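Colleague: I am new to reading models like this one, and I would love a slow, close look at one part of it. Please start with a pair of side chains and then show me what lies around them.

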Amino acid sequence: MLDQNAFGLFVSYYDLENDEYALEPSEFAGRLGEFRRLLEECVKSFPLGADLHVVDLGHAMYVELADGDQDEDPVVWLKMVRARLTGREFRTVGVLSYGSRWVDDDGGTVGLESFERGGIVRVAHSSEPLRQALWAEAASRQDDDDCPEGWGPGLYLATDAVEALGRALKNAPTPLIASGATFYRAGR
């Protein structure tokens with residue numbers, strides 16, 4: 001296996017639980033289907049780069065690509081995807097993360113192992129960007145009783161991702177810490 005640096009781009013449906021319980025089952029199924037279709041269209045219509053690793057998590061989509069393989073600016077891509085979803089009245093959490101990942105010698109990151117009953121889908125051998133994205137998404141969750149300090153919907157950039165893109169932030173935003181990783185809010 002090889003160790004390589006990669007960007008992770010994560011977009012989740014922030015109001016999923018609220019919509020699931022507020023809408024009729026058929027309405028919710030349609031709304032969730034629309035969210036997933038819009039994300040798939042963005043991945044297909046606005047190519048981020050070659051050799052994308054895309055995982056549909058149901059409530060979110062995660063896209064990972066090796067550092068240097070991006071054809072589009074990952075921050076701009078995330079903003080575009082979130083704007084498209086916002087136009088359809090979806091509140092989202094977008095996360096840009098960065099770190100090392102392990103891939104097969106041939107660059108492969110996903111596999112399916114078949115068992116007697118079903119199978120196991122391997123999302124990654126080990127992916128720091130995926131772990132960071134999940135930490136930020138969990139930290140975004142707000143609940144009046146259990147977690148009033150959640151970050152809320154927005155666009156969050158890992159400091160490592162900002163540095164890897166060679167960017168400097170215009171101001172000194174408040175750092176947001178999730179499980180040891182530092183993020184900045186880059187938009188609502």
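Which residue forms a salt bridge with Asp15, and how far apart are the closest N and O atoms?

Modeller: Happy to help! Please keep in mind that this is a predicted model. The partner of Asp15 is Arg91, and the closest N and O atoms of this salt bridge are 2.8 Å apart. Along the chain the two residues are 76 residues apart: Arg91 sits in the loop between α3 and β4, while Asp15 sits in the loop between β1 and α1 (16–22). Side chains of opposite charge can pair when their charged atoms come close.

Now compare how the two ends of the pair meet the outside. Arg91 counts as partly exposed because its relative accessible area, 44%, falls between the cut-offs of 20% and 50%. Asp15 has a relative accessible area of 14%, and because that is under 20%, Asp15 counts as buried. This salt bridge therefore has one partly exposed end, Arg91, and one buried end, Asp15.

This pair has company, as the model holds 9 salt bridges in total. Let's visit another one, made by Arg31 and Asp19, where the closest N and O atoms are 3.6 Å apart. This pair also links distant parts of the chain, with Arg31 in helix α2 and Asp19 in helix α1, 12 residues apart. Here both ends are shielded: Arg31 has 18% relative accessibility and counts as buried, and Asp19, at 16%, counts as buried too.

Arg31 has a further partner in Glu34, and there the closest N and O atoms are 3.8 Å apart. Both of these residues lie in helix α2, 3 residues apart, or about one turn of the helix. Glu34 is buried, as is Arg31. Through shared partners, the salt bridges join Asp19, Arg31, Glu34 and Arg88 into one network.

Next, let's see what the loops of our first pair connect to. Asp15 lies in the loop that follows β1, and Arg91 lies in the loop that leads to β4. The strands β1 and β4 (residues 92–103) pair with each other in the antiparallel sense, over 12 bridges. One example to find on your screen is Asp3 of β1, whose bridge partner in β4 is Trp102. β1 also pairs with β3, again antiparallel, through 7 bridges. In that pairing, Phe7 stands opposite Leu65 of β3.

From β3 you can step on to β2, since these two strands pair in the antiparallel sense over 4 bridges. In this pairing Val54 has Val63 of β3 as its bridge partner. β2 and β3 form a hairpin with 3 residues between them, and in the turn Gly58 has a positive phi of about 90 degrees. In a regular strand the side chains alternate between the two faces of the sheet. Look at β2 (residues 53–56) with that in mind: His53 and Val55 make up its covered face, and Val54 and Asp56 its uncovered one.

Helices and strands of this region also come together around an empty space. A search of the whole structure finds 1 cavity of 30 Å³ or more, with a volume of about 50 Å³. At least two lining residues come from each of β1 (2–13), α2 (25–45), β3 (60–66) and α3 (74–87). The largest share, 3 residues, belongs to α2, the helix that also holds Arg31 and Glu34. Among the residues of the lining are Leu9, Leu39, Met61 and Trp77. In contrast to the charged pairs we began with, the lining is made of 9 nonpolar residues, with no polar and no charged ones.

Finally, zoom out for the wider setting. The protein has 5 helices and 10 strands, and 41% of its 188 residues count as buried. Among contacts between residues at least 6 apart in sequence, 71% join residues at least 24 apart. The Arg91 and Asp15 pair, 76 residues apart, gives you a good place to begin exploring such links for yourself.

How values were computed. Residues numbered from 1 in each chain as written. Predicted model: local features only at pLDDT ≥ 70, side-chain atom pairs only at ≥ 80, totals over all residues. Heavy atoms only, no water. 1 Å grid on protein atoms, 1.4 Å probe; cavity = no way out; pocket = protein on both sides within 12 Å on 5 of 7 lines; lining within 4 Å. Points joined across faces, edges and corners; volume = space filled by probe spheres on them. Nonpolar A, V, L, I, M, F, W, Y, C, P; charged D, E, K, R; others polar. Pairing = 2+ DSSP bridges. Salt bridge = Lys/Arg side-chain N within 4 Å of Asp/Glu carboxyl O. Buried < 20%, exposed > 50% of the residue type's maximum accessible area, 1.4 Å probe, protein only. Contact = heavy atoms within 4.5 Å.
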